[in-house]
Amino acid sequence: QVQLVESGGGLVQAGGSLLLSCVASGTFFNINTMGWYRQAPGKQRELVALKSSGGTTIYADSAKGRFTISRDNAKSMVYLQMSSLEPEDTAVYYCNADISNRGTGGRDYWGKGTLVTVSS
């Protein structure tokens, strides 16, 4: 019953910026961790950034210093502000959330992804 929907992907030049957004909708009790993964063509999906409900943040080495993850808990949203984009950042970016409903443990949910293409 929970859905994650990403938005904000697109085509940008190297050095540019993009803001990705993700909103969770449906019925749930709590969103624990919420974050972003990406999958480049021919590669495995990898963690980009993760943020817990308590504010703890984890960044991939490739994202550290360039990307900023933030959450708006009241809106059940997570954002990824990406700056100084490089062609290597080209990938489908997926929103991820660990969500629990009352009486159930946490469950991993995924959005359908939004494509980010960085041209040189």
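This section describes the sheet, the nonpolar core, the disulfide and selected residues of a predicted model.

One of the structural features examined is an open sheet of four strands, arranged in the order S1-S3-S8-S7 with antiparallel pairing. Strands S1 and S7 occupy its edges; each has a single partner strand, so one side of each remains without a neighbour in the sheet. Direction ignored, neighbouring strands of this sheet are turned against each other by 15° on average. Between S7 and S8, which run antiparallel, six bridges are found. In this part of the sheet, Ile69 stands opposite Leu80 of S8. In general, the strands of a sheet pair through backbone hydrogen bonds, in either a parallel or an antiparallel manner.

The largest nonpolar core comprises 28 residues, and those with the most contacts inside it are Leu4, Met34, Trp36, Leu80, Met82 and Tyr93. Two or more residues of this core are given by each of strands S3 (18–25), S4 (30–39), S5 (46–51), S7 (67–72), S8 (77–82), S9 (91–100) and S11 (114–119). Strand S9 supplies the largest share, with five residues. Leu80 thus appears in two contexts, as one of the core residues with the most contacts inside it and as the residue in S8 that Ile69 faces.

The surroundings of Leu4 were examined further. When residues up to four places away in sequence are not counted, Leu4 touches Cys22, Val23, Ala24, Met34, Cys95, Asn96, Ala97, Ile99, Tyr109, Trp110, Gly111 and Lys112. Among these contacts is Met34, which is itself listed with Leu4 among the core residues that have the most contacts inside the core. Both cysteines of the disulfide, Cys22 and Cys95, are also touched by Leu4.

A search of the whole structure returns one disulfide. This disulfide joins Cys22 to Cys95, with an S to S distance of 2.0 Å. Because Cys22 belongs to strand S3 and Cys95 to strand S9, the pair ties together parts that lie 73 residues apart in sequence. The torsion about the S-S bond of Cys22 and Cys95 is about -85°, so the disulfide is left-handed. Cys22 and Cys95 are both buried.

Towards the N terminus, Val2 is located in the segment that precedes strand S1 (3–7). Val2 has a relative accessible area of 12% and is therefore classed as buried, the limit being under 20%. With residues up to four places away in sequence not counted, Val2 touches Ser25, Thr27, Phe28, Ile99 and Tyr109. Ile99 and Tyr109 are also touched by Leu4. By contrast, Val2 and Ala91, which are 89 residues apart in sequence, are separated in space by 24 Å from C-alpha to C-alpha.

Backbone torsions were considered last. Most residues other than glycine have a negative phi. Ser76, although not a glycine, has a positive phi of about 55°, and Ser84, likewise not a glycine, has a positive phi of about 50°. Ser76 lies in the loop between S7 and S8, whereas Ser84 is found in the loop between S8 and S9. With a relative accessible area of 15%, Ser76 is buried. Ser84, by contrast, has a relative accessible area of 41% and is partly exposed.

Key: Residues numbered from 1 in each chain as written. Predicted model: local features only at pLDDT ≥ 70, side-chain atom pairs only at ≥ 80, totals over all residues. Heavy atoms only, no water. Core = buried A, V, L, I, M, F, W, Y, C linked by side-chain atoms within 4.5 Å. Buried < 20%, exposed > 50% of the residue type's maximum accessible area, 1.4 Å probe, protein only. Contact = heavy atoms within 4.5 Å. Pairing = 2+ DSSP bridges. Axes fitted to C-alpha atoms, helices over the stretch in contact; angles between N-to-C directions. Disulfide = S-S within 2.5 Å.
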